[in-house]
Amino acid sequence: MKIYQVDAFTAVPFAGNPAGVCVLPAAAPEAWMRAVAREMNHSETAFLYPVEDGYHLRWFTPAAEVRLCGHATLSSAHILWEQGYLPAGAEARFHTLSGLLTACQAGSWITLNFPAQPAVEHPPAPGLLAALGIVVAPRFCGKNNTRFLLELEDEAAVRAVTPDFTALGALEGVRGVIITSHGSEPGCDFVSRFFAPAIGLNEDPVTGSAHTALTPYWSARLGKTELAARQVSSRGGELRLRDLGERVEIAGQAVTVMLAELLAAPGN
């Protein structure tokens, strides 16, 4: 059984966000998938198998299953086309905990179609700003489900944040935090970072699902539906975005960097 490592939201190896991708012939036991995800130790590992009109897809961090993951979906679509599971140009269809997700090719770019998850204005959770080390009040604080979205004063402030991950991971009801600001360079509308120690991810290198909140937020702030974004983690990544109202398009590139043979198959 093959398992791939793909760097997503980048065109060059060793940047963007690495994901494990395991294409299975059929459903596998959840305990086995969790064990493989812990072994891979990426922010997410994707497991998919064919169904009648596409693929069933699940994502696991080393600590938990997640309901939505952008970079591992991008990586999965990339592998389906690259390895010949799908013919070039065919739509990739994924049945997930967040409903039907699709992906299509446009040259070297892959475009995902995800449900929008806008953040509604909400006060910071008790201890959140202190855990992030933020002393200047954010320009906006909102929340969708259990993710907080904070707009800071500028890109320098976003880059300078150094969270106390132990304190952040202990906050009640906080599974993830997005921080963002206007981009400081031409051709970049906004930048962001994402932290989720509560689910085993201190800082995620590039977070596609965070842009289901960031896209409607910045679309409204900037008065435009097409956006260019950069996640400014140490690895970094580039995204092209489009606000469709109830859905968002998230586009990025991907490159395969590793292929391994998984000897511990389900049931072994």
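1. Let's start with cavities. This is a predicted model, and it holds one cavity of 30 Å³ or more. How big is the volume of the largest cavity? About 70 Å³.

2. Now look at what surrounds that space. The lining of the largest cavity is made up of 14 residues. If you want to find its centre in the viewer, click on E44, R147, D204, T207 and S209, which are the lining residues that lie nearest to it. As for where the wall comes from, helix α2 (70-82) and strand β14 (201-204) each give at least two residues to the lining.

3. What classes of residue line the largest cavity? Sorted that way, you get six nonpolar, five polar and three charged residues. So don't picture a purely greasy wall, because charged and polar residues count among the lining too.

4. Next, have a look at S43. You'll find this serine in the loop that sits between α1 (30-40) and β3 (44-51). Is S43 buried or exposed? It counts as buried, because its relative accessibility is 9% and the cut-off for buried is under 20%.

5. The side chain of S43 has polar partners. One is the side chain of N17, in a polar contact of 3.2 Å. Another is the side chain of E44, with a polar contact of 3.3 Å. You've met E44 already: it was one of the residues nearest the centre of the largest cavity.

6. Which residues does S43 touch, once you skip those up to four places away in sequence? The list is N17, P18, F60, T61, P62, H71, L201 and D204. D204 should ring a bell too, as it is another of the residues nearest the cavity centre.

7. N17 and P18 take us to strand β2, which covers residues 17-23. Seven of its seven residues are buried, so the rest of the structure largely encloses this strand. Try looking at β2 one face at a time: N17, A19, V21 and V23 are on one side, P18, G20 and C22 are on the other, and all of them are buried.

8. Finally, check the strands that pair with β2. Strand β1 (residues 2-8) runs antiparallel to β2, and six bridges join the two. Within that pairing, N17 of β2 has A8 opposite it. With β3 the direction is parallel, and the number of bridges is five. Here A19 has E44 of β3 as its bridge partner. That gives E44 several roles in this note: bridge partner of A19, polar partner of S43 and part of the cavity lining.

How values were computed. Residues are numbered from 1 along each chain as its sequence is written. This is a predicted model: local features need pLDDT of at least 70, side-chain atom pairs count only at pLDDT 80 or more; totals for chains, interfaces and linings use all residues. Side-chain values use heavy atoms; hydrogens and water are left out. Helices (H or I, at least four residues) and strands (E, at least two) are DSSP runs, numbered from the N terminus. Buried means under 20% relative accessible area, exposed over 50%, partly exposed in between (1.4 Å probe, protein chains only). A polar contact is a pair of N or O atoms within 3.5 Å; within protein, one must be able to donate a hydrogen and the other to accept it, and residues adjacent in sequence count only if both atoms are side-chain atoms. Contact means heavy atoms within 4.5 Å. On a 1 Å grid over the protein atoms alone, a cavity is a set of points where a 1.4 Å probe fits but cannot get out, and a pocket is an open set with protein on both sides within 12 Å along at least five of seven lines; lining residues have an atom within 4 Å of a point. Grid points are joined across faces, edges and corners, and a volume is the space filled by probe spheres set on the points. Two strands pair if DSSP finds at least two bridges between them.
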